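Open your viewer, switch to the cartoon view, and keep the selection box handy. We will walk through this protein one stop at a time.

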Amino acid sequence: MIFSTFARMNLDHCRRLSIAPMLDCTDRHERYFLRLLSRNVLLYSEMVVASGLLHCENTDMFLGHEPLEQPAVLQLGGSNPIDLARASKLVEAAGFQEVNLNCGCPSDRVQNGNFGACLMKDKNIVVDCFKAMQDAVSIPVSIKCRIGVDEFDSWEFFTDFIQTIRNAGCKVFIIHARKAWLQGLSPKENREVPPLHYDFVHRLKAEMPDLNISINGGIKTLDQVQEQLQDLDGVMVGREAYENPWFLHDADERIFGDIRPESDNPADIIAGKARPATRKALLEAYLPYVEKQTADGCPATILVKHLYGLFAGLPGARRYRQMLSNESPKARGRGEAVALIRQAMDQVKE
Ligand SMILES: Cc1cc2nc3c(=O)[nH]c(=O)nc-3n(C[C@H](O)[C@H](O)[C@H](O)COP(=O)(O)O)c2cc1C
């Protein structure tokens, strides 16, 4: 709970660096794991479809988490203001610090539901959704969007979209600095093919300095994060954080000015008193959580898949990764997942 209180007071500070919502990646286990690396970074959930949340019997599946994960944001997908308002209430009650509306996902499934990036073509629906959500909760509601969709990719279109939602009271925007093509490109291609236009995001901040603006897309190093922070309020990192989580190792010190000693002691790392001295120390700090989650019935595969990239580039990393992916489906008994992770990390020379 220490983190929770800390976070509520410092949400804007935490926005300086956030981890992007990523379906099948940023589940509660990934967020817990990343929190052991940085106690300041703002962690986004995977997108949760509002109507799915409202109709499921066990909302814990989407909303359950450890207090240690906070400050965290839950991202909702949807375009029905009533559903989004009701879902936002559940998000707030579950202890999240912010709720985010997805206006950037271009997948077919999402388009069929008439939400995600296609909402950028209908700013009035976004306004209705934002207002309904913000009226329902006291935590901030933020918007994550692109700089355009399809042929609607001009500066005028982009600023008109943001201005309209700003007029409705929204203060926090996360901008993936490339447009999305709604037809013809897969979601993966839509994260790579349309060119990045960081200039749109910088110009937006210069013209609307009252907004809290985070930039997203293609950022891979803390140097790049620091550079962007010269002009912007925040930087959101997606793939790099997932594929190479150790990139966060110096984030507390360099991005947040939060200087703490390094330690190998799992208890100190979990309590946030120290940051992990090594990747192996980080894994050791994750193991009590693995023990608890597996005892509660969580499959080892789900807990270890987030660890694949931890030793990227080090000798033995391939064997480590193979061992985790091949053996985790068999790790079913008590203590087996923990033993497997220890055995896998022994393959690596750090
Ligand atoms: C596997 C994967 C799943 C994603 N799922 C979501 C999602 O649920 N909601 C969302 O707004 N963006 C999603 N994204 C997009 C990311 O949030 C981010 O905008 C994009 O990856 C660009 O940032 P990056 O270059 O730092 O990765 C996803 C990206 C990836 C790679």
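The stops below go from domains to pairs of helices and then to single residues. Keep in mind along the way that this is a predicted model.

**Stop 1: the two domains**

Select residues 2-256 and give them one colour, then select 262-345 and give them another. The domain assignment calls these domain 1 and domain 2. Their C-alpha centres are 28 Å apart. Where the domains touch, 22 residues of domain 1 and 26 residues of domain 2 take part. Together the domains bury about 2000 Å² between them, and carbon and sulfur atoms supply 58% of that area.

Which residues of domain 1 lose the most area to domain 2? Show H29, L36 and W246 as sticks: these three together account for 33% of what the domain 1 side buries.

**Stop 2: a pair of helices in the later part of the chain**

Now select residues 279-295, helix α15, and residues 336-345, helix α18. Their axes are 9 Å apart and the packing angle is about 160°. Angles over 145 degrees count as roughly antiparallel, so α15 is roughly antiparallel to α18. The crossing of α15 past α18 is right-handed.

To see the contact, add side chains. On α15, look for K280, L283, E284, L287, V290, E291 and T294; on α18, the partners are A337, V338, I341, R342 and M345. Colour them by class and you should find seven nonpolar, one polar and four charged residues in this contact.

**Stop 3: another pair of helices**

Move to helix α9, residues 155-167, and helix α10, residues 198-207. Here the packing angle is about 50°, and the axes are 11 Å apart. That angle makes α9 oblique to α10. Once more you are looking at a right-handed crossing, with α9 passing α10.

Show W155, F158, T159 and I162 on α9, then F200, R203, L204 and E207 on α10, to see the residues that make the contact. Five of the contact residues are nonpolar, one is polar and two are charged.

**Stop 4: two backbone details in loops**

Zoom in on P71, in the loop between α5 (60-63) and β3 (72-77). Is the peptide bond from Q70 to P71 cis or trans? The bond is cis, with omega near 5°.

Finish at D24, which lies in the loop between β1 (17-19) and α3 (28-35). Check the backbone angles there: D24 has a positive phi of about 70°, although D24 is not a glycine.

How values were computed: Residues are numbered from 1 along each chain as its sequence is written. This is a predicted model: local features need pLDDT of at least 70, side-chain atom pairs count only at pLDDT 80 or more; totals for chains, interfaces and linings use all residues. Side-chain values use heavy atoms; hydrogens and water are left out. Axes are lines fitted to C-alpha atoms, for helices over the stretch in contact, and angles run from 0 to 180 degrees between N-to-C directions. Helices (H or I, at least four residues) and strands (E, at least two) are DSSP runs, numbered from the N terminus. Angles under 35 degrees count as roughly parallel, over 145 as roughly antiparallel, 65 to 115 as roughly perpendicular and the rest as oblique. A crossing is left-handed if the near helix is turned anticlockwise from the far one by less than a right angle, and right-handed if clockwise. Contact means heavy atoms within 4.5 Å. Ala, Val, Leu, Ile, Met, Phe, Trp, Tyr, Cys and Pro count as nonpolar, Asp, Glu, Lys and Arg as charged, and the others, Gly among them, as polar. Domain bounds come from an automatic or database domain assignment. Buried area is the accessible area (1.4 Å probe) that two parts lose on being put together, summed over both.
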